[in-house]
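Here's a walk through one chain and the ligand it holds. Have a look at the structure first, then read on.

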Amino acid sequence: MSQMHLGLFVLGTGHHVAGWRMPGAEAGAENFPLIQRIARTAERGKFDFVFFADALNAAPGMHPSVLVRLEPLTLLAALAATTTHIGLAATCSTTYTEPYNLARYFASLDHISGGRAAWNVVTGAFAEAAHNFGRMAHPPHEERYAIAAEFVKVVRGLWDSWEDGAIVMDRAGGRFADASKLHVLGHDGPHFAVKGPLNMSRPPQGHPVLIQAGASDTGRDLAAAIAEIVFAVQQDQDSSRAFAEDIRARAARMGRDPRHVKIMPGVSPILGGSVAEARAKLDQLGEFLDPVAALRVLSERLGTDLTPYDLDGPVPELPESTIMRGHAAILTALARREKLTLRQLRNVAAGAMGHRLLLGTPEMVADDLETWFRAGAADGFNIMPPWFPGAFDDFVNEVVPILQKRGLFRQDYAGRTLRDHLGLPRPPHPASLTAT
Ligand SMILES: Cc1cc2nc3c(=O)[nH]c(=O)nc-3n(C[C@H](O)[C@H](O)[C@H](O)COP(=O)(O)O)c2cc1C
């Protein structure tokens with residue numbers, strides 16, 4: 001039987017806006033000892049990967065997990081040294097990074113970690129970042145995706161600068177590298193001109209694993225074209241299955257094997273001895289809520305500043321978001337369907353930033369994940385604990401063993417690289433394809 005994949009989305013203060021205030025919570029997106037413990041727990045739970053999101057701006061009133069944070073590639077390099085198997089995934093923006101730099105960052109992480117790196121390709125969900133890079137404005141949505149597509153092509157080309165085995169280190173013959181296995185990219189496109197080659201040999205995984213979270217039409221096309229993991233935000237099983245089928249169909253149309261695209265919706269589990277007990281924990285978090293930070297999270301997701309609106313009125317009709325269209329569509333649909341007030345929708349978004357909250361006993365949570373998995377609505381889940389470390393410890397100690405017992409999740413790692421864990425092929429070097 002095929003098994004589900006599990007990723008841990010680490011936000012240092014927890015995904016719930018008020019997670020850091022939960023009794024027993026340890027907070028800190030800059031607290032490396034805590035993050036190290038969290039990563040070790042994830043590895044003990046045999047998770048496929050830990051994932052760190054990123055943005056390139058800060059402002060008072062933001063979700064505390066993103067207000068101050070460590071730079072994720074630096075952080076993952078440190079975690080690579082203190083973990084042995086777990087995949088190490090991070091966001092890096094295609095709008096505010098150069099492909100040559102990024103290719104080096106992730107290839108380095110892949111080398112350092114022995115083949116465990118993954119890159120979450122984002123165009124940047126926060127327009128304010130533009131002002132930190134000498135730009136007047138964040139590029140429009142479609143242009144950002146056009147840049148991203150070309151960016152990824154360049155990065156992959158750079159990772160293929162050297163064929164596998166090109167660094168021969170022939171001591172007797174005095175030959176360090178086989179120059180015949182070096183390929184100069186010579187890319188000259190609308191957005192980037194990158195000659196190459198990369199000053200690094202081919203990464204252990206060939207290419208680090210690519211993740212994408214595109215939800216708009218253009219975003220889905222990019223995900224289908226390049227992503228090996230797709231982060232999803234769907235709240236109910238039917239829409240998640242429809243999303244997964246759509247991405248798989250698009251990938252197949254592009255000539256890819258749809259089994260090599262893993263759809264992983266976000267889930268924020270809150271465990272208790274009963275649903276009521278789990279709900280009491282959520283209510284407790286709700287009492288700690290900072291209303292400004294909570295409304296800002298919703299404003300970011302809907303693409304409009306919501307401060308002028310009546311919190312106890314209906315969710316207003318808003319112009320189409322140019323930033324996070326997927327989140328905006330899902331949250332708006334949820335509000336309409338359940339007739340939520342703006343305050344109620346704010347509290348939902350405060351829970352897991354627009355992802356699904358899953359409340360119940362460990363058995364109930366395992367049942368739910370199994371149902372989604374068996375229905376083809378998910379190949380796995382991106383677990384988003386509302387606070388750390390307790391809520392995540394509970395998941396690893398109480399839910400993972402149930403999934404393992406049911407044969408739905410691995411008992412141990414079978415391989416060493418993230419591609420091994422995910423059952424993804426190692427991309428062959430293009431020269432090896434033309435040679436045969
Ligand atoms: C699980 C998950 C993690 C994400 N992480 C980031 C991130 O770290 N940085 C970022 O700018 N956007 C992040 N995003 C937002 C996406 O990049 C993208 O803006 C969003 O999914 C909407 O895409 P769309 O414009 O195609 O609708 C994330 C989305 C999801 C679902």
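Where in the chain is Tyr-96 found? Tyr-96 sits in the loop between strand 3 and helix 4. Keep in mind that this is a predicted model, and everything below is computed from it. With 16 C-beta neighbours inside 10 Å, Tyr-96 counts as partly exposed, because buried would take 20 or more. Leaving aside residues up to four places away in sequence, Tyr-96 touches Leu-56, Gly-124, Ala-129 and Phe-133. Gly-157 is another matter: 61 residues along the chain from Tyr-96, with 19 Å between the two C-alpha atoms.

**The overall picture**

The chain has 15 helices and 11 strands. For 436 residues, a compact globule would have a radius of gyration near 22 Å, and the chain has 22 Å, so the two agree. Along the principal axes, the C-alpha trace spans about 75 × 50 × 40 Å. Buried residues account for 47% of the 436. As for contacts between residues at least 6 apart in sequence, 76% join residues at least 24 apart.

**Around the ligand**

The ligand has 21 residues around it, and the ones that come nearest are Ala-53, Thr-91, Ala-125, Gly-219 and Arg-325. Two elements give two or more residues to this shell: strand 4 (117-122) and helix 10 (325-337). Sorted by class, the shell has 10 nonpolar, 9 polar and 2 charged residues.

Helix 10 is also where Ala-328 lies. Ala-328 has 24 other C-beta atoms within 10 Å, which means it counts as buried. Beyond its sequence neighbours up to four places away, Ala-328 touches Arg-301, Leu-302, Gly-303 and Ser-321. Ser-299 is 29 residues from Ala-328 along the chain, and their C-alpha atoms are separated by 9.4 Å.

**A strand covered on both sides**

Which faces of strand 11 (residues 380-383) are covered? Both are: Gly-380 and Asn-382 are buried on one side, and Phe-381 and Ile-383 are buried on the other. Strand 11 has parallel partners too. Strand 1 (residues 5-9) pairs with strand 11 over 4 bridges, and strand 9 (residues 262-271) pairs with strand 11 over 2 bridges. Asn-382 is a handy residue to click on here: Gly-7 has Asn-382 as its bridge partner, and Gly-266 stands opposite Asn-382 as well.

**A helix with two sides**

Helix 3 (residues 72-82) has Pro-72, Leu-73, Leu-75, Leu-76, Leu-79 and Ala-80 as its buried residues. Looking down the axis of helix 3, these buried residues fall within an arc of 150 degrees, so they line one face of the helix. That buried set packs against helix 1 (32-44), strand 2 (49-52), strand 3 (87-93) and helix 4 (99-113). Over on the other side of helix 3, Thr-74 and Ala-81 are exposed.

**Toward the end of the numbering**

His-421 is part of helix 14 (residues 418-422). Is His-421 buried or exposed? His-421 is buried, with 23 other C-beta atoms within 10 Å. Apart from residues up to four places away in sequence, His-421 touches Asp-48, Gly-87, Tyr-413 and Gly-415. His-421 and His-5 are 416 residues apart in sequence, yet 8.1 Å apart in space, C-alpha to C-alpha.

**Backbone oddities**

Most residues other than glycine have a negative phi, and most peptide bonds are trans. Here are some exceptions to check in your viewer.

| Where | Backbone angle |
|---|---|
| Gly-196 to Pro-197 | cis, omega near 0 degrees |
| Phe-388 to Pro-389 | cis, omega near -10 degrees |
| Lys-46 | positive phi, near 65 degrees |
| Met-169 | positive phi, near 45 degrees |

Pro-197 is in the loop between strand 6 (193-194) and strand 7 (209-212), while Pro-389 is in the loop between strand 11 and helix 13 (390-405). Lys-46 belongs to the loop between helix 1 and strand 2. With 19 other C-beta atoms within 10 Å, Lys-46 is partly exposed, since the buried class starts at 20. Met-169 is in the loop between helix 5 (141-159) and strand 5 (187-188). Met-169 has 8 C-beta neighbours inside 10 Å and therefore counts as exposed.

Definitions and conventions. Residues are numbered from 1 along each chain as its sequence is written. This is a predicted model: local features need pLDDT of at least 70, side-chain atom pairs count only at pLDDT 80 or more; totals for chains, interfaces and linings use all residues. A residue is near a molecule or strand if its C-beta atom, placed from the backbone, lies within 6 Å of it. Ala, Val, Leu, Ile, Met, Phe, Trp, Tyr, Cys and Pro count as nonpolar, Asp, Glu, Lys and Arg as charged, and the others, Gly among them, as polar. The radius of gyration is taken over C-alpha atoms; the globule rule is 2.2 Å times the number of residues to the power 0.38. A residue is buried if 20 or more other C-beta atoms lie within 10 Å of its own, exposed if 12 or fewer, and partly exposed in between; C-beta atoms are placed from the backbone. Two residues are in contact if their C-beta atoms, placed from the backbone, lie within 7 Å. Two strands pair if DSSP finds at least two bridges between them. The arc is that of the directions from the helix axis to the C-beta atoms.
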